[in-house]
Amino acid sequence: MSEFKMPSLGADMDAGTLVEWLKQPGEAVKRGDIIAVVETQKGAIEIEVFEDGVLSDIKVQPGTEVPVGSVLATISTDGSGASEPPAEAAPAPKQVEAPLKPQESSPETPEAPPSAPKSAPAQSTSHPDISPAARRAAEEKGVDISALKPGPSGIIGLAEVEAAAAPSAPRIAEMPAPKPTPAGGSRPGINLGAMRKAIAAAMSRSHREIPHYWVSQTIDLTPLYIWLERENRQRSVADRLLYVVPLLKAAALAVKETPALNGHYRDDEFQPSDKVHMGVATALRGGGLVAPAIHDVERADLDTIRVGLLDLVQRTRAGRLRSSEMTDATVTLSNLGEDTSDALTSLIYPPQVAIIGCGAPLDRPHVVNGRIEIRRLMNVTVAGDHRVSDGRRASQFLGRFARRLETPEEL
Amino acid sequence: MTTDAEIEATVKKVLFDVAPDLEGEEIDPNEELREQFEIDSMDFLNFVIGLHEATGVEIPESDYSHLQTLSGAVANLKPRMNQ
């Protein structure tokens, strides 16, 4: 018999709301099965179970908010199934006494991705500068956008809409029901205000606790783009590769060769990882950032990464991630993307020990074999943790990353 | 003959499948989706894949620039859907 507890899905998560059970008492569960959905600041997270057994006793009903570490259900792992004596069933009040801090079995994890948020694209002047989420909220609440003034950031955000709506806000019962996501089930949605607080808390902790250093290098992506163009001509629409796909693979291989950048720093000790679970910083429309992990990137082929990435980004924005994706990243890559800014200097996402920031690839004059040529260049800035490594390690990583990208056909 | 209105409905459905958080948004047909909704390269690729699946039209990368707006997507897809 083991206890299935409310996991800590971020360094600053202290409670979560059980939204629904996807398995019923008496049903067999396998390691990796999604058995429940929990609502957090990052949206609804699908919670996986970490052992084989039989779900024997559900202790928390949907709609209930409980602290991290609270027992949500018991899982019979000895084959006795639901016939386990009910003596194990803890009285309900016990849940409230559960510790607020993360348990050993639910590792403390990064809460907010440390990279600078993508700047919102310039809006046309034909309508007010308002985030999509704020515009939607304004519609729901019947707020007249033209009467709103931008907040401190210069755009109309949720806070401004909320403030305007406050006196006459409709009751929750009158609000439209959440729409089902493609994955099925409910979509409680993402509370961007709560997410901003979580990002602020995690980044404050990162800035306070981690002695950062940063090392930059300009990497020539011309061979990658030439290879991609040829490769994509042979691929159907659905199979086309974005440059970020080989970028992730090359970064994972280079990280694998540089263990001091890959793992978690916990309890005054660095725990290196022999696998590379790459967190991918993903901006949300209207603000907010999540960096869920793609697992085993160093071993995956490009098509596996391509499919995994498209799926992950879509689920991130729909607010439907899995618990392992929230907790497993061993290093993060933040890629600004084409037609954005040149470089970003990121903060590490605790308990990780490095983050790789990639600026926009841009055609620039560059000296190759003593001649000036137009090459497509990308600035990469690695942040490392001085408790674990020095700039020399990051520099070695950058050299390895650059070399991997010189021969994209080998990725 | 597939009409403009039918194609527009298909394009909108594909967009909302790709970005469910945009469902119900008013779309300015002539403004770039990227500008209106912070559509990034990954959303855009999912959008192109969705258009291909919904219409059966092969969409080469050289056509991507015509798919940046709702009206552009309709104009680009229409002749090939009615072939």
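**Exercise 1. Find what share of the 83 residues in chain B is buried.**

Solution. Start with the cut-offs: a residue is buried if 20 or more other C-beta atoms, placed from the backbone, lie within 10 Å of its own. Apply this to chain B: buried residues make up 37% of its 83 residues.

The model is predicted: local features need pLDDT of at least 70, side-chain atom pairs count only at pLDDT 80 or more, and totals for chains, interfaces and linings use all residues. Residues are numbered from 1 along each chain as its sequence is written, and chains are lettered from A in the order in which they are written.

**Exercise 2. Describe the fold pattern and compactness of chain B.**

Solution. Take helices as DSSP runs of H or I with at least four residues, and strands as runs of E with at least two, numbered from the N terminus. Chain B then has four helices and zero strands. Along the sequence the pattern reads α-α-α-α. Next, size: the radius of gyration (over C-alpha atoms) is 12 Å, close to the 12 Å of the globule rule for 83 residues, so chain B is as compact as a globular protein of that length. That rule is 2.2 Å times the number of residues to the power 0.38.

**Exercise 3. Work out which elements of chain B touch chain A.**

Solution. Call two residues in contact if their C-beta atoms, placed from the backbone, lie within 7 Å. The contact takes 23 residues from chain B and 22 from chain A. On the chain B side, helix H2 (33-37) and helix H3 (41-55) give two or more residues. H3(B) supplies the largest share, seven residues.

Terms used: Buried ≥ 20, exposed ≤ 12 C-beta atoms within 10 Å, placed from the backbone.
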